[in-house]
Amino acid sequence: MTAAYANPVLETPPKISVSITEACPHACAHCYSDCSAAPKPRELSIPAWREVLAKLADDGFIQVYFEGGEPFAKPGFLDLLEAVAPRMMTLVRTRGAGLDAAVADRLAAIRVGRVLVDLMGDDAASHDATAGAPGAFDSACTAIEECARRGIPVDALVVLTRRTAPRLNAILRLAHRLGAERVGILRLYPLGRAKRIWEEIALPLEAQMAAIASLDPPDGLGVMQSWHPRDQNCCWQAAALDAAGDIIGCQYLREYVNYGNILERSYLDAWRNDPLYRRIRSGNVEASCPDCSATQRSHGGCRSTAFAFHGRWEAPDPFDVTLNEGVDLAVLPDRLR
């Protein structure tokens, strides 16, 4: 039986996340998209993406968050970004591959809104071991420095795992030295390659909370994290497309839902009329953390992790200490193995 909770209601989503490609020169151990060096056959072309994004802008989307794979590995991506930037706020998440001084010059000229660079360690040995590519650490550091040098707002992102937890404060200091404005500390999601090594890299909830409590950022560095009492249910405002143009609502739902393809169905039709999409966005959940709902104005926490560990869309989010119900987050449910 679900409780009578409700998330904020939007007739039109304000922003969208676009996985522009699933090609990437890295082989990250926890890659959610299970990327390879070559693009996958169903990926939309740059001309197709231009049409899709123009329609989204016409429909009232005001922000687009590009991710991958590696966006800069998609031929023509910078041209697409230049076409989109006058109509939508643009953000780009990257591993830093290909983001050198010349590309940073282009990003500054385009007036990209923000660049977000993944850090997987505080030195070459730790970062490159997870990225699966020699030189990946240097590329990530260069990307942050070159963006910061040009006044492009830049954040560093780090996924909280057994590998990164002992290095969090060192990563914060590194990001600050490189010129990042903020560091976002992200959950590990049971998707793609992460599932294959889950027991090796996933932390139980107590260890995650201890790592968050131990954060000691340098003065002037912002830190973003979404553990209790700031667990977010983002589904009420989340919109996302994968590299093939499939409507998936959120990148962290990529293995669990498909509301149709953007070449065959308008996003607003899926948003307003798809029963499952409406259900996930509703906030009608079995339990909601009162502290988190007070700070986030939404209910139930993340639907991706709730569904992953419980198999029910209305289930409690096990990453919240008040809703965990004894779930060991370091062990995957059998159905996900």
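Partly exposed, as used here, means a relative accessible area between the buried limit, under 20%, and the exposed limit, over 50%. The model is predicted.

Start with aspartate 34. Its relative accessible area is 27%, so the residue counts as partly exposed. Now add arginine 196 to the selection: the two side chains form a salt bridge, with the closest N and O atoms 2.3 Å apart. This pair joins distant parts of the chain, 162 residues apart. Aspartate 34 lies in the loop between β1 (15-19) and α1 (46-58), while arginine 196 lies in the loop between β6 (182-186) and α7 (198-201). Arginine 196 is exposed, at 59% relative accessible area.

Next, select glutamate 146 and arginine 150. A salt bridge connects their side chains, at 2.6 Å from N to O. Glutamate 146 has a relative accessible area of 13%, which means that it is buried, the limit being under 20%. Arginine 150, at 26%, is partly exposed.

Keep both selected and add Asp105 and Arg149. What links Asp105, Glu146, Arg149 and Arg150? The four belong to a network of salt bridges.

Then go to aspartate 334 and arginine 337. Here the closest N and O atoms of the salt bridge are 3.3 Å apart. Are these two residues buried or exposed? Aspartate 334 is exposed, with a relative accessible area of 67%, and arginine 337 is exposed too, with 57%.

To see the rest, display every Lys or Arg side-chain nitrogen within 4 Å of an Asp or Glu carboxyl oxygen. By this rule the model has 29 salt bridges, including the one between arginine 196 and aspartate 34.

Methods. Residues are numbered from 1 along each chain as its sequence is written. This is a predicted model: local features need pLDDT of at least 70, side-chain atom pairs count only at pLDDT 80 or more; totals for chains, interfaces and linings use all residues. Side-chain values use heavy atoms; hydrogens and water are left out. Helices (H or I, at least four residues) and strands (E, at least two) are DSSP runs, numbered from the N terminus. Buried means under 20% relative accessible area, exposed over 50%, partly exposed in between (1.4 Å probe, protein chains only).
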